[in-house]
Amino acid sequence: MLPVPLEHYLVLAGILFVIGVIGVLINRNAIVTLMSVELMLNAANLLLIVFARVHNDIGGQLMVFFVLTVAAAEAAVGLAILVAVYRRKGSIDIDGLNLLKG
Amino acid sequence: MSLIIFWTAAVVAVVAALRVITLKNPIASVLHLIVALVALAILFLQLAAEFIAMLQVIIYAGAIMVLFLFVVMMLNLRRDEFGPDPLPGVLLLGAVAGAALLAELIIVFAGSTARVDVAPPGFGGVQSVGRAIFGDYLFAFELTSLLLLAAALAAVVVTRTRAPNDPEEA
């Protein structure tokens, strides 16, 4: 048996995901917003690992592997965009990013 | 014993995650996010995902967070550039929306009655993950190399600076 009840893991993942959502909603610093997205990805990763264990299916862990890859790509591109925005506007306040053509 | 490990890692992860979104200094946020990621890696270990736990520490806490730290330090934001405090209305709206989402999630999760068997020996180790990657998931694995190449190219293209007399400059 799984020594820790399944609900514990599910609720923990839910809490972490909600913290990420709140972070995206209330923060104006674009870097912290990206970090909140990473938190949400990790909550999903925890669920994938838990259900890989529940169903004894290695595929869930492979999905986490691919999510790691996507997170790396997302961080690289997102941070590159932030650097470009900072060069142009001198700030990474999200509220200032309201123009389609900078 | 495993309950103690779970609660320790869970509390550390949640507290660190809360500090990530509430601290004003982005460097402190990055460091707290690393703490949360390592706590999650401990949970992964508990769930018979040894290989993924190691990847979590090496790639996530190591490589990706160093990338974040590098950009935070390169932008070198002064204290007044960290952005103004969120308005009370925005904070309230975020808290209410988050609480509603959490309530929904818990309602859904509370009904789960999945049964768990003992993990087969070697489940989640390097061998079983490697066999799956280079077996059933080979095509997806090859596609990730393309994804990483595209991301690296995009990062270079987006951040490059052109010379002033470059004819391509619009």
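# Exercises on a two-chain helical model

B:Leu40 is found in helix H2 of chain B. Helices (H or I, at least four residues) and strands (E, at least two) are DSSP runs, numbered from the N terminus. This is a predicted model, in which local features need pLDDT of at least 70, side-chain atom pairs count only at pLDDT 80 or more, and totals for chains, interfaces and linings use all residues. Residues are numbered from 1 along each chain as its sequence is written, while chains are lettered from A and ligands numbered from 1 in the order in which they are written.

## Exercise 1

Decide whether B:Leu40 is buried or exposed, and find its contacts.

**Solution.**

- Step 1. Take the cut-offs: a residue is buried if 20 or more other C-beta atoms lie within 10 Å of its own, exposed if 12 or fewer, and partly exposed in between, with C-beta atoms placed from the backbone.
- Step 2. Count for B:Leu40: 30 other C-beta atoms lie within 10 Å, so B:Leu40 is buried.
- Step 3. Take the contact rule: two residues are in contact if their C-beta atoms, placed from the backbone, lie within 7 Å.
- Step 4. Leave aside the neighbours within four places in sequence; B:Leu40 then touches A:Asn42, A:Leu46, B:Ala13 and B:Gln56.
- Step 5. Check a separation: B:Leu40 and B:Lys24 are 16 residues apart in sequence, and their C-alpha atoms are 24 Å apart in space.

## Exercise 2

Classify B:Glu104 in the same way.

**Solution.**

- Step 1. Locate B:Glu104: it sits in helix H4 of chain B.
- Step 2. Count: B:Glu104 has 12 C-beta neighbours inside 10 Å, so it is exposed.
- Step 3. Compare sequence with space: B:Glu104 and B:Leu18 are 86 residues apart in sequence and 20 Å apart, C-alpha to C-alpha.

## Exercise 3

Describe chain B as a whole.

**Solution.**

- Step 1. Count the elements: chain B has 6 helices and 0 strands.
- Step 2. Read along the sequence: the pattern is α-α-α-α-α-α.
- Step 3. Find the buried share: 25% of the 170 residues of chain B count as buried.
- Step 4. Look at contacts between residues at least 6 apart in sequence: in chain B, 52% of them join residues at least 24 apart.
- Step 5. Check the confidence: chain B has a mean pLDDT (the predictor's confidence in each residue, from 0 to 100) of 85, and 86% of its residues reach 70 or more.

## Exercise 4

Work out how H1(B) and H2(B) pack.

**Solution.**

- Step 1. Fit the axes: they are lines fitted to C-alpha atoms, for helices over the stretch in contact, and angles run from 0 to 180 degrees between N-to-C directions.
- Step 2. Read the geometry: the axes of H1 (residues 2–22) and H2 (residues 26–46) of chain B come within 8 Å and cross at roughly 155°.
- Step 3. Apply the angle classes: under 35 degrees is roughly parallel, over 145 roughly antiparallel, 65 to 115 roughly perpendicular and the rest oblique.
- Step 4. Conclude: H1(B) and H2(B) are therefore roughly antiparallel to each other.
- Step 5. Give the hand: a crossing is left-handed if the near helix is turned anticlockwise from the far one by less than a right angle, and right-handed if clockwise. The crossing of H1(B) and H2(B) is left-handed.
- Step 6. Sort the residues: Ala, Val, Leu, Ile, Met, Phe, Trp, Tyr, Cys and Pro count as nonpolar, Asp, Glu, Lys and Arg as charged, and the others, Gly among them, as polar. The contact of H1(B) with H2(B) has 15 nonpolar, 4 polar and 1 charged residues.

## Exercise 5

Describe where chain A meets chain B.

**Solution.**

- Step 1. Count both sides: 62 residues of chain A are in contact with 72 residues of chain B.
- Step 2. Find the top contributor in chain A: H3(A) gives the most to the side that touches chain B, with 21 residues.
- Step 3. Sort that side of chain A: 45 residues are nonpolar, 12 polar and 5 charged.
- Step 4. Take one helix pair: the axes of H1(A) and H4(B) (residues 88–110) come within 9 Å and cross at roughly 160°. That makes H1(A) roughly antiparallel to H4(B).
- Step 5. Add the hand: H1(A) passes H4(B) in a right-handed crossing.
- Step 6. Note the scores: the predictor gives the complex an ipTM of 0.89 and a pTM of 0.88.
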